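Colleague: I am new to this structure. Please take me closely through one part of it, starting from a single residue and working outward.

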Amino acid sequence: MATILLMHSALGLRPGVHAFADLLRERGHEVEVPDYYEGHVFDGEREGIAHRDAHPEYFETVRELVASLPPETVLAGFSLGAWYAQRLAARRPLARAAVLLHSVAAPRHAWSGVPVQVHRYADDPWIAPTDVTALGAAVEASGAPFEDHVAPGRGHLFTDPDLPGYDAALTAATVERVDGFIR
């Protein structure tokens, strides 16, 4: 079993993040779900992103939290939280894995050797396919495994049951793949 830091999207710590964490807990994992938005929750991406942009200190809050967790903690997140997870994993070579749900960025530096698993729609307006290719190449060049799970269709946060793009079957498959990857 693993310790997992599961970080929310720009929409804040919504019930769907807790629901996903509970699915991982049912598989025996210890899951930390921080609220670095300090209780602020949004229904729309623009409002959530504006809030994030007004609070650059949030990433430092997450960085401090990660420093208090075991080095082998799995770094995972949804959209903005995935960006945080990827950025942290790039500098935390002992992390067990980085699990990127609904977000991928091109790497800024040589990859740390942390295994990476991505979950996304084939057509996600927030993900550039060239970034996925660049990250995959960097991860594999470091000697670590890279998995890119692409679901057919268009959308973004398919794992949140309270959002219009929710897909229960895809969420279940995602949880199963994450569990297998981090064991």
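Modeller: Start with Tyr84, in a model that is predicted. Tyr84 is buried, because its relative accessible area of 3% falls under the 20% cut-off. Tyr36 is buried as well, also with a relative accessible area of 3%.

Now look at the rings. The structure holds 10 aromatic pairs. One of them joins Tyr36 and Tyr84. The two ring centres are 5.2 Å apart, and the planes make an angle of 50°, so the pair counts as tilted. This pair links distant parts of the chain. Tyr84 belongs to helix 4 (residues 80-89). Tyr36 sits in the loop between strand 2 (30-32) and helix 2 (45-54). The two residues are 48 apart along the chain.

Both tyrosines belong to one aromatic cluster. Its members are Tyr36, Tyr37, Phe42, Tyr58, Phe59, Trp83 and Tyr84. Pick out Phe59. Arg87 places its charged end over the Phe59 ring, 4.2 Å from the ring centre.

Phe59 also leads to Leu88. Leu88 lies in helix 4. Leu88 is buried, because its relative accessibility is 8%, under the 20% cut-off. Not counting residues up to four places away in sequence, Leu88 touches Met7, Phe59, Val62, Arg63, Val66 and Leu75. For scale, take Leu88 and Asp123. They are 35 residues apart in sequence, and their C-alpha atoms are 26 Å apart in space.

Leu75 is the next step. Its bridge partner in strand 4 is Ala98. The strands involved are strand 3 (residues 74-78) and strand 4 (residues 98-101), which pair in the parallel sense over 4 bridges.

Stay with Ala98, in strand 4. Ala98 counts as buried, because its relative accessibility is 0%. Leaving out residues up to four places away in sequence, Ala98 touches Leu75, Ala89, Val114, Pro115, Val116 and Gln117. How does Ala98 stand to Phe59 in space and along the chain? Their C-alpha atoms are separated by 16 Å, with the two positions 39 residues apart in numbering.

What about the rest of strand 4? Side chains in a regular strand alternate between the two faces of the sheet. In strand 4, Ala98 and Leu100 are on one side, with Val99 and Leu101 on the other. These four are all buried, and both faces of the strand are covered.

Now step back to the sheet. It is open and has 6 strands, in the order 2-1-3-4-5-6, with parallel pairing. Strand 2 and strand 6 (146-154) stand at the edges. Each has a single partner strand, so one side of each is left without a neighbour in the sheet. From one strand to the next, the twist averages 20°. Helix 1 (residues 15-25) packs on this sheet. Helix 1 touches strand 1 (3-7), strand 2, strand 3 and strand 4, and its direction makes about 165° with that of strand 1. Helix 5 (residues 129-141) lies across strand 4, strand 5 (116-123) and strand 6. Helix 5 runs at about 165° to strand 6.

Two histidines complete the tour. The first is His102, in the loop between strand 4 and strand 5. His102 is buried, because its relative accessible area is 0%, under the 20% cut-off. A polar atom of the His102 side chain lies 2.8 Å from the backbone oxygen of His156. The side chains of His102 and Thr159 make a polar contact of 2.9 Å. With neighbours within four places in sequence left aside, the contacts of His102 include Phe78, Ser79, His119, Asp124 and Ile127.

His119 also leads on to His149, in strand 6. Beyond its neighbours within four places in sequence, His149 is in contact with Gln117, Val118, His119, Arg120 and Arg177. The His149 side chain makes a polar contact with that of Gln117, at 3.5 Å. A polar contact with the side chain of Glu147 is also present, at 2.9 Å. Gln117 brings you back to strand 4, for Ala98 touches Gln117 too.

Note on methods
Residues numbered from 1 in each chain as written. Predicted model: local features only at pLDDT ≥ 70, side-chain atom pairs only at ≥ 80, totals over all residues. Heavy atoms only, no water. Phe/Tyr/Trp six-rings, centres within 6.5 Å; stacked < 30°, edge-to-face > 60°. Buried < 20%, exposed > 50% of the residue type's maximum accessible area, 1.4 Å probe, protein only. Lys NZ or Arg CZ within 6 Å of the ring centre and 35° of its normal. Pairing = 2+ DSSP bridges. Axes fitted to C-alpha atoms, helices over the stretch in contact; angles between N-to-C directions. Contact = heavy atoms within 4.5 Å. Polar contact = N/O pair within 3.5 Å; in protein donor to acceptor, adjacent residues only side chain to side chain.
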